Amino acid sequence: MGASDADRIGEINASGVVGVARSFRFPVVEGRGASGGHMPCPSCGAPTRHTQSRDKRGAAGIRRDGRGWRCHQCDVSGDAFTLAALLTLGRAPHGADDYRGIFVQCAAVGLCRAMDDATPTPRPLPTPRPAPVVVVRELQRAPGVADFWRACRPVDLTVAHPSPDDLAASWFLARRGFYAPDVARLDLARLLPGPDFTAWPTWWPASWAPAWRLVVPGFEADGVMAGLHARAVLPGATPKTRWAFGCDAGELLFSGFQGVALLRGEALDIDTVEIVEGATDMIAASLRAERNELRRAVLGVVSGSAPALARVRWPAGVVVLAATDADESGDKYAAQIREFIPATVRVLRKRLSPAGKVSA
Ligand SMILES: [Zn+2]
């Protein structure tokens, strides 16, 4: 009487999920710290988890103790032996032949002792499943954003009876030293449509309108409007900013003074491009550039924007000012700006001290 099935299952489980995955050359990422690691799902084949988000972790999470796994997509779970069964058999085992097949292959890679009987040489290992192809999803942009932007109103509070929400937006601008008619003339930001507007897009619920009132468009690197970003103007509203609901905002840029023309590759008489963090700094830098008659275009970035800078058509000889806050986050933004702009373009860091900067 040799080792039982239970003995072999115990031996396979003793290698843990990561050990079994490695033995069968299945792509697994070992955990560090509090994470047990992750891998593509051995059952449904999903490469990454939460396909709606951009979470790059494998679909199946591995328990911290390394003994179990569960797929975030199909919810199938198991232990190291279940994984071995899926990788050798392609499904859960039913009956003695299935178990025997799994044990033969596990023995061949040293995960359990060999079968006692005169087992012929084990079948060669199945060709490892090709690593699932990670599908890079097209970015989902807000459909019809340009139409909605046209329905937004200039930041012009000279109307006879501004609503309380409009007054809040006006106050928001005034507190930062922004002169609303200048913001309107340069079309740096607009107000959402008023209460009689009915054509709210699915990605911009009307319920957001009162608090997140001041909107700024986001542009692709080629100057096409592709997203909308709003700033809360009522004190205490959180989050402070929002992007279109359910749409991707990654790799979008704010276009300030002469920014759209720059992105569209139009001939511009500029010597510098100032890149700042966020919409509020974009407005401030734009007003400053226009007021001082600088030969300058202004762009704004947020977290996730920087890769777009690699695709901007930088005019020859232009100097880029990475004008970010003089703090850790500002240093990070400046490093990202430098990273994505081609090395042939000169990038200078301009540290905005809290004193010299309007508060965001
Ligand atoms: Zn799955």
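Let's start with a cysteine: Cys 74 is partly exposed in this predicted model, and its relative accessible area comes to 29%. Cys 106 gives another picture, since that residue counts as buried with a relative accessibility of 0%. Could Cys 106 have a bonding partner, and which cysteine sulfur is closest to its own? That would be the sulfur of Cys 112, but it sits 5.3 Å away, which is too far for a bond. A disulfide here needs two cysteine sulfur atoms within 2.5 Å, and by this rule the model has zero disulfides.

Now move along to the strands, beginning with E9, which covers residues 225-232. How many of its eight residues are buried? Eight of the eight are, so the rest of the structure largely encloses this strand.

Take a look at what E9 pairs with. Strand E8, residues 212-219, runs antiparallel to E9, and seven bridges join the two. If you want a spot to find in the viewer, go to Val 216, which stands opposite His 229 in E9. E8 and E9 make a hairpin, with five residues between the strands. Click on Gly 223 while you're there: this turn residue has a positive phi of about 90°.

E9 also pairs with strand E10, residues 241-243. That pairing is antiparallel too and is made over three bridges. Here the pair to look for is Arg 231, with Thr 241 of E10 opposite.

Next up is strand E13, residues 296-301. This strand is mostly covered, with six of its six residues buried. Which way do they point? Arg 296, Val 298 and Gly 300 go one way from E13, while Ala 297, Leu 299 and Val 301 go the other way. Residues on both sides are buried, the arginine included.

E13 has pairings of its own to follow. Strand E11, residues 253-255, runs antiparallel to E13 and is joined to it by two bridges. Within that pairing, Phe 254 has Gly 300 of E13 as its bridge partner. Strand E12, residues 272-277, instead runs parallel to E13, and six bridges join them. Glu 277 is a handy marker for this pairing, as it stands opposite Val 301 in E13.

What lies between E12 and E13 in the unit they help to make? It's helix H9, residues 278-291, and the three elements together form a right-handed β-α-β unit. To trace it on screen, follow the chain along E12, over H9 and into E13.

Methods
Residues numbered from 1 in each chain as written. Predicted model: local features only at pLDDT ≥ 70, side-chain atom pairs only at ≥ 80, totals over all residues. Heavy atoms only, no water. Buried < 20%, exposed > 50% of the residue type's maximum accessible area, 1.4 Å probe, protein only. Helix = DSSP H or I, 4+ residues; strand = E, 2+ residues; numbered from the N terminus. Pairing = 2+ DSSP bridges. Right-handed = clockwise from strand over helix to strand, strands pointing away.
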